Amino acid sequence: MKVLVANIEDVMREAAARWTLIAYFFLSTIFIIIFASAINLDIVDGALAGAKLFGKEVNMDSSQISVEKLVLGFETGFSVFLYFLCTFLAIFATAHLVPRMQEKGTIDLYLARPVGRVRLLLSRYVAGLILAGSNVVYLMGSIWLIVVWKTGVANPRFLLGGMIIFLIIAVLLAFAFLIGVFTSSTAVSIMTTYGIFFFGLMLAAHDRIAAAVSKQWQAWLIETLYWVFPKTAELGQAVVAFVGGNELPERVLSALTPAPFLTTAAFGVGCLMLASWLFTRKEF
Amino acid sequence: MTTLIEVSGLRKQYTSSFGKAKITALDGIDFQVGEGELFGLLGPNGAGKTTTVKILLGLTHATSGTASVCGLPVNDPESRRRVGYLPEGHKIPNYLTARQALSIFGRMSGMESAQIEKRIPVVLENVRMGQWIDVRIKKFSKGMTQRLGLACALIHSPHVLLLDEPTDGVDPVGRREIRDLLRDEAKVNGTTVLLNSHLLSEIELTCDRVAVLRNGKVAAFGSVEELTRQTASYKMVATPMDESLVASFRETGAGVERVNGHMVLSVTDVEHLNALVDRLRARGGVLCELTPVRSTLEDVFVDLVRADEHTSVGAH
């Protein structure tokens with residue numbers, strides 16, 4: 001526990017001193033302020049009578065829309081955006097944690113303590129997750145509060161959708177740690193992690209890609225890659241489905257199956273195990 | 001005396017990137033360091049000093065042989081519970097203050113918060129950094145950073161201190177203070193100090209025993225006194241010390257050099273020296289002083305390194 005606390009303190013202090021924390025939360029705050037000031041709703045008897053976006057009147061076609069429906073629709077669409085925003089910010093803010101620790105003259109100071117290497121690496125991983133998780137909570141919590149303030153409608157599923165975002169961050173951070181241990185390079189960690197995020201999006205079309213390739217082994221390879229790599233597209237859909245609930249079409253709700261979650265989590269666990277094994281064997 | 005550092009048959013081979021070429025950094029070294037002892041590890045660049053220290057800390061894994069610290073094998077993290085380490089060219093995160101750095105490393109060494117809070121001012125005062133406690137490390141000079149590194153190594157009151165060039169970048173007064181601090185640690189607290197330095201005078205002034213590494217092997221081992229005693233030169237002060245006396249000595253095959261009113265005699269052995277004293281007395285001379293001329297640790301070190309160079313050249 002002491003090691004974990006020490007690592008959390010170290011990571012937070014570093015993030016604060018290197019402006020990462022400030023930039024991280026500043027960007028989120030800017031986004032929240034823009035969001036809060038951009039939307040003005042006119043609600044009459046629990047229904048939306050008029051709306052302004054960035055000061056401009058939104059055409060309602062003289063019809064009244066249920067506020068609950070509007071909030072649900074809005075939060076569902078917005079959760080996709082937050083899925084990308086939170087993930088990208090989190091990787092930027094945490095991918096350096098291992099490469100910087102492994103620098104000559106620094107790693108000696110950490111490893112000379114009575115701490116096993118796996119424990120050290122995992123403590124740093126948890127510290128990174130706390131940093132990224134606090135931003136997810138801040139961003140999603142603020143948006144949720146603004147929506148409640150402006151409409152009076154509270155949809156707790158929006159907040160819980162943050163857990164899926166947190167899962168994908170945890171998995172991608174595990175991958176960034178693996179690359180960080182192997183290469184000791186922050187740039188490579190960030191690039192490959194983003195690469196795997198987009199690769200995961202592409203592999204969502206694995207059926208069509210596999211059908212389009214000419215050889216059997218290529219199709220097999222595509223399917224294998226699909227099951228091995230994190231299902232970033234499916235998890236994005238899952239966020240939408242989770243936040244939207246039963247209001248969404250069956251096609252989207254079908255994303256809420258355990259398989260993408262389990263295989264993505266397994267990828268993360270695998271990355272962490274491999275990173276720990278490499279870190280244990282590494283010579284400094 | 002309890003042995004706190006024990007190295008036996010330690011070998012380390014580094015493999016090149018493609019796995020073909022093998023470089024032997026350590027070739028079966030053995031040594032022990034006891035409780036409260038100040039031990040120096042010497043050697044030219046690439047002799048294996050840093051590799052030895054890294055193996056003792058589990059930073060690098062030995063190819064074969066055994067090493068233990070505080071009675072525990074070095075691959076057990078618990079062996080580092082009571083070990084303080086100051087690496088050469090250390091980089092304590094410079095966004096921290098001295099207090100924060102000591103707090104983080106103290107906690108990583110298993111200390112309680114209250115214990116850390118009490119210990120920080122004491123240890124910073126010991127390295128003369130008390131007034132810099134809440135200043136960010138990026139404002140520190142090299143010498144101050146080095147002192148803080150030493151404080152980080154001492155924060156958890158270690159039984160064993162492994163120091164790599166501890167006085168690097170420190171001014172002469174600071175060096176003396178660090179030397180005194182290390183001696184106090186050894187004498188008062190019984191801390192075992194293993195000092196790895198290129199500054200031979202520093203080791204000579206600080207350490208009880210030294211091991212000189214050369215090409216991954218222990219080339220010389222013993223107390224500083226033992227290593228520097230191996231000489232056949234003597235300083236003689238006598239009257240009268242005229243040219244005829246010098247000529248008489250040279251007849252025996254002795255080397256005679258007149259230096260600032262005394263003679264430095266190079267003899268083959270003690271009998272040879274006694275024969276020279278007999279000659280002095282036979283001429284009615286009076287012996288005022290006769291002392292062995294000790295070589296410095298630097299002389300011993302240079303001789304060992306040169307001997308190796310000659311061997312290498314001969315082999316070629």
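What percentage of the 316 residues of chain B count as buried? In this predicted model, the share of residues in chain B that count as buried is 40%. The chain is built from 10 helices and 14 strands, and its C-alpha atoms, taken along the principal axes, fill a box of roughly 75 × 50 × 35 Å. When contacts in chain B between residues at least 6 apart in sequence are considered, 70% of them join residues that are at least 24 apart.

To find a way through the chain, it helps to turn to its domains. The domain assignment of chain B gives domain 1 as two segments, 1–82 and 158–230, while domain 2 covers 88–156 and domain 3 covers 232–292. Reading along the numbering, one therefore meets domain 2 between the two segments of domain 1, given that a domain's bounds here are those of the assignment.

The pair formed by domain 1 and domain 2 can be followed in greater detail. Their C-alpha centres in chain B lie 23 Å apart, and the contact between them takes 14 residues from domain 1 of chain B and 12 residues from domain 2 of chain B. On the side of domain 1 of chain B that touches domain 2 of chain B, at least two residues each are supplied by β7 (160–164) and by α5 (172–189) of chain B. The largest share of that side, four residues, comes from α5(B). Sorted by class, the side of domain 1 of chain B that touches domain 2 of chain B has six nonpolar and six charged residues, together with two polar residues.

Methods
Residues numbered from 1 in each chain as written. Chains lettered and ligands numbered in written order. Predicted model: local features only at pLDDT ≥ 70, side-chain atom pairs only at ≥ 80, totals over all residues. Buried ≥ 20, exposed ≤ 12 C-beta atoms within 10 Å, placed from the backbone. Contact = placed C-beta atoms within 7 Å. Nonpolar A, V, L, I, M, F, W, Y, C, P; charged D, E, K, R; others polar.
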